[in-house]
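These are my notebook entries on one protein chain. I set down what I looked up, entry by entry.

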Amino acid sequence: MRTLREANIGETVEVVKLHGEGAVKRRIMDMGITKGVSIYVRKVAPLGDPVEVTVRDYELSIRKADADMIEIK
């Protein structure tokens, strides 16, 4: 299993599954990250947190803990 946290800068990935429960999973889905959507990894902060991505034509910053819950291929 590969997660968004492990994706490289400049890589476009597809979401396979969202892990997590309740409010955390709901918050990720509310940001537009759902199964089958493409995510482009724009930048990673110097210490690795947060990760800046492009989802559905808008930029989004995601914490490492949340990026770890997003399974990609």
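**Entry 1: the sheet**

In what order do the strands form the open sheet? I note at the start that I am working with a predicted model. I found 6 strands in the order S1-S6-S2-S3-S4-S5, and the pairing is antiparallel. I then looked for the edges, and they are strand S1 (2-3) and strand S5 (58-62), each of which pairs on one side only.

**Entry 2: the chain from end to end**

I counted the secondary structure next, and the chain has 2 helices and 6 strands. Read from the N terminus on, the elements follow the pattern β-β-α-β-β-β-α-β. The radius of gyration is 11 Å, close to the 11 Å that the globule rule gives for 73 residues, so the chain is as compact as a globular protein of that length. I also looked up the extent of the C-alpha trace, which spans about 30 × 25 × 20 Å along its principal axes.

**Entry 3: the pairs of strands**

I went through the sheet pair by pair, beginning at S1. S1 pairs with strand S6 (residues 70-72) in the antiparallel sense, over 2 bridges. Within this pair I located Arg-2, which stands opposite Ile-72 in S6.

On to S6 and S2: these two pair in the antiparallel sense over 3 bridges. Here Lys-17 has Glu-71 in S6 as its bridge partner.

Strand S2 (residues 12-18) is also joined to strand S3 (residues 38-44), by 3 bridges, and the two run antiparallel. I noted two partners in S3: Thr-12 is matched with Tyr-40, and Val-13 is matched with Ile-39.

S3 is in turn joined by 5 bridges to strand S4 (residues 51-55), again running antiparallel. Ile-39 appears here once more, with Val-55 in S4 as its bridge partner. I recorded that S3 and S4 form a hairpin with 6 residues between them. In its turn, Gly-48 has a positive phi of about 90°.

**Entry 4: the loop after S4**

Which residues of the loop between S4 and S5 should I enter for their phi values? I entered Arg-56 and Asp-57, both found in that loop. Most residues other than glycine have a negative phi. Arg-56 is not a glycine, yet its phi is positive, near 50°. Asp-57 is not a glycine either, and its phi is positive at about 65°. I also checked the surface of Asp-57: the residue is exposed, with a relative accessible area of 80%.

**Entry 5: the nonpolar core**

Which residues have the most contacts inside the largest nonpolar core? The core has 19 residues, and I listed Leu-4, Ile-33, Ile-39, Val-53, Ile-62 and Ile-70 as those with the most contacts inside it. The elements that give two or more residues to this core are S2, S3, S4, S5 and S6.

I took Ile-62 for a separate look. Leaving aside neighbours within four places in sequence, Ile-62 is in contact with Leu-4, Ile-33, Asp-49, Pro-50, Val-51, Val-53, Ala-67 and Ile-70.

**Entry 6: two residues compared with the cut-offs**

Is Thr-54 buried or exposed? Thr-54 lies in strand S4. Its relative accessibility is 18%, and buried means under 20%, so Thr-54 counts as buried. Apart from residues up to four places away in sequence, Thr-54 touches Ser-38, Ile-39, Tyr-40, Arg-42 and Glu-59.

Is Ala-23 buried or exposed? I found Ala-23 in helix H1 (residues 22-30). Its relative accessibility is 61%, and exposed means over 50%, so Ala-23 counts as exposed. I also looked up a distance from this residue: Ala-23 and Ala-45 are 22 residues apart in sequence and 25 Å apart in space, C-alpha to C-alpha.

**Entry 7: totals for the chain**

I closed with the totals. Of the 73 residues of the chain, 36% count as buried. The chain exposes about 4,400 Å², and carbon and sulfur atoms supply 49% of that area. Among contacts between residues at least 6 apart in sequence, 53% join residues at least 24 apart.

Conventions: Residues numbered from 1 in each chain as written. Predicted model: local features only at pLDDT ≥ 70, side-chain atom pairs only at ≥ 80, totals over all residues. Heavy atoms only, no water. Pairing = 2+ DSSP bridges. Helix = DSSP H or I, 4+ residues; strand = E, 2+ residues; numbered from the N terminus. Buried < 20%, exposed > 50% of the residue type's maximum accessible area, 1.4 Å probe, protein only. Contact = heavy atoms within 4.5 Å. Core = buried A, V, L, I, M, F, W, Y, C linked by side-chain atoms within 4.5 Å. Rg over C-alpha atoms; globule rule 2.2 N^0.38 Å. Areas by Shrake-Rupley, 256 points an atom, 1.4 Å probe, with all protein chains shown as cover.
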